[in-house]
Amino acid sequence: MQTHLEFAIHPFSLARSPMALQTLNPRHVLPLPLPRRRAPRPRVLHRPPPPRRRLEGAARPRAVAVAVNEARRRWPPAEGGGEEGKETDLATLGNLCVDVVLSVPQLPPAPREEREAYMERLAASPPDQKFWEAGGNCNLAFAAARLGLRCSTLGHVGEEIYGKFLLDVLEEEGISVVGMLDNSDSSACQNAYETLLCWVLVDPFQRHGFCSRADFSDEPAFSWIRKLPAETKTAIHHSKILFCNGYAFDELFPDVISSAIDCAIDAGTAVFFDPGPRGKSLLHGTLDEQRALEHSLRLSDVLLLTSDEAESLTNIRNPIQAGQELLKRGIRTKWVVIKMGSKGSIMVTKSAVSSAPSFKIDVVDTVGCGDSFTAAIAFGFLHNLPAVSTLTLANAVGAATATGCGAGRNVAHLDKVLQLLRESNINEDDTPWSELIEASSFCSEVSVLSKTAVNSFSDRLVHVPTCNVVSNLLSMLEAVSERSTVQA
């Protein structure tokens, strides 16, 4: 079996976002009801990784207000990314949530009222902490940090038990947290400030479903965030990459997301955007959503999509041609990276098309594979790696996650990535790539990772030797592993 498998999900729809329950990497979230109490509104939060210094006068050790750029010097700057004053390699926007993973006899029913009642029953009995896991963009941050990148997460975390759990987990992984609370709405209810939760439900057939109260709301979960906070702007200025995906629209107003992208461009920060399953609904959403989606697609440096998502946004089935169309529409777009499921992945640039087949593995769980894949794309971007090398690493990191169970702290560890690269057990079938080339009249040739240097029956398919690519990747990643050991 191969990594990045796309498999069927229980076919029920959501009132607000019909794609949310069809993805294995959810961002729809549900705040559990907590005991009502009078509590001060949460403060602006920045949680840097250890070692850290608590400021005098902080009312609570778990949520301290500190300078956004209090240093984390865990890793030396990434090659090719030594921008002055940019201490963070990768910052993620929004999607900080706690996943509650439960085995259920059956996935939620389709009718809206029944689904709402189903979630009420789940919320009535809060599960034990052993079922909690950091979710959303935490997956990407964990995978990137394990590749040696310095990461921060920009988003809201509440002060209840779920927020404390999430902050502790991020701190243990060496990831900074920058809060988004300096323009909160005094009229918002206390629930609006709580840490977001997502129910991850698994039935006896190992099918996944995801549900949230946010599915029944016409406004973003954090509708009290009306503009991009100053601390968030500062954090973006000090990051080399800002990552955003379609699920951010479930938390933030479209204008806030567009402002974050504009802030990144002004600061010389590269923008990565993954529309995800939400891309299709955003394309037919409100006028503000449509404008923000177009803004994100045109102004991002790197776009990441599945082949189905690329088709839904371009109406072009051939992924190479779809990638070329997205490049043509873009103003700043340098890379369009298309995930091809069990076949592997493709990168389309203005000058070339490159591909890498998937690794042959025994798949345990595909949750978090896409996030892990993206972490490796960021690594390749920052280190100026060749396209085929970047895709090979991304496939390996995604495959390493698929061999484990669940996402969060269970995403790829570096030792597993190194093992897969050393074994280099990749799918050698050239047929899918040859078929794509033959169907794409605008593509002169495609470079593809291969154990053989002999080109196939298609004179437009150029083989790149696996041994050369893997040798270079191993030398880089083994150095990361050595630094990690020293830091530990």
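In which hand of crossing does α4 pass α5? In this predicted model, α4 passes α5 in a right-handed crossing, and the paragraphs below come back to that pair after a view of the chain as a whole.

The chain has 488 residues, of which 61% are buried, and its secondary structure consists of 14 helices and 16 strands. Among the contacts in the chain with a separation of 6 or more, 78% join residues that are 24 or more positions apart.

A good place to enter the structure is helix α2, which covers residues 138–146. Nine of the nine residues of α2 are buried, so this helix is largely enclosed by the rest of the structure. The buried set includes Cys138 and Phe142, and Arg146 also belongs to it. Just after α2, the backbone at Gly148 takes a positive phi of about 95°.

One of the neighbours of α2 is helix α10, made of residues 369–382, and the two pack at an angle of about 45° with their axes 8 Å apart. The two helices, α2 and α10, are therefore oblique to each other, and α2 passes α10 in a right-handed crossing. On the α2 side the contact is made by Asn139, Leu140, Ala143 and Ala144, while α10 contributes Asp371, Ser372, Thr374 and Ala375. Sorted by class, the contact of α2 with α10 has four nonpolar residues, three polar ones and one that is charged.

From α2 the path leads on to strand β5, which spans residues 151–154 and contains Thr153. With a relative accessible area of 0%, Thr153 is buried. If its neighbours within four places in sequence are left aside, Thr153 is in contact with Ala141 and also with Thr92, Leu96, Leu170, Ile175, Ser176, Val177 and Val178. Ala141 is itself one of the buried residues of α2.

The pair named at the start can now be described in the same manner. Helix α4, residues 230–237, packs with helix α5, residues 254–267, at an angle of about 40°, and their axes are 9 Å apart. That angle makes α4 oblique to α5. The contact is made by Lys233, Ile236 and His237 of α4, together with Ala260, Cys263, Ala264 and Ala267 of α5. Here the residues of the contact of α4 with α5 divide into five nonpolar, one polar and one charged.

The cysteines raise a further point: how many disulfides does a search of the whole structure find? The search finds zero. For Cys198, the closest cysteine sulfur is that of Cys97, and the separation of 5.8 Å is too far for a bond, given that a disulfide needs the two sulfur atoms within 2.5 Å. Cys198 counts as buried because its relative accessibility is 0%, and Cys369 counts as buried at 2%.

The last stop is Gln419, which lies in helix α12, residues 414–423. Is Gln419 buried or partly exposed? Its relative accessibility of 33% means that Gln419 counts as partly exposed. Gln419 and Leu474 are 55 residues apart along the chain, and their C-alpha atoms are separated by 9.8 Å.

Note on methods: Residues numbered from 1 in each chain as written. Predicted model: local features only at pLDDT ≥ 70, side-chain atom pairs only at ≥ 80, totals over all residues. Heavy atoms only, no water. Axes fitted to C-alpha atoms, helices over the stretch in contact; angles between N-to-C directions. Helix = DSSP H or I, 4+ residues; strand = E, 2+ residues; numbered from the N terminus. Parallel < 35°, antiparallel > 145°, perpendicular 65-115°, else oblique. Left-handed = near helix turned anticlockwise from the far one by under 90°. Contact = heavy atoms within 4.5 Å. Nonpolar A, V, L, I, M, F, W, Y, C, P; charged D, E, K, R; others polar. Buried < 20%, exposed > 50% of the residue type's maximum accessible area, 1.4 Å probe, protein only.
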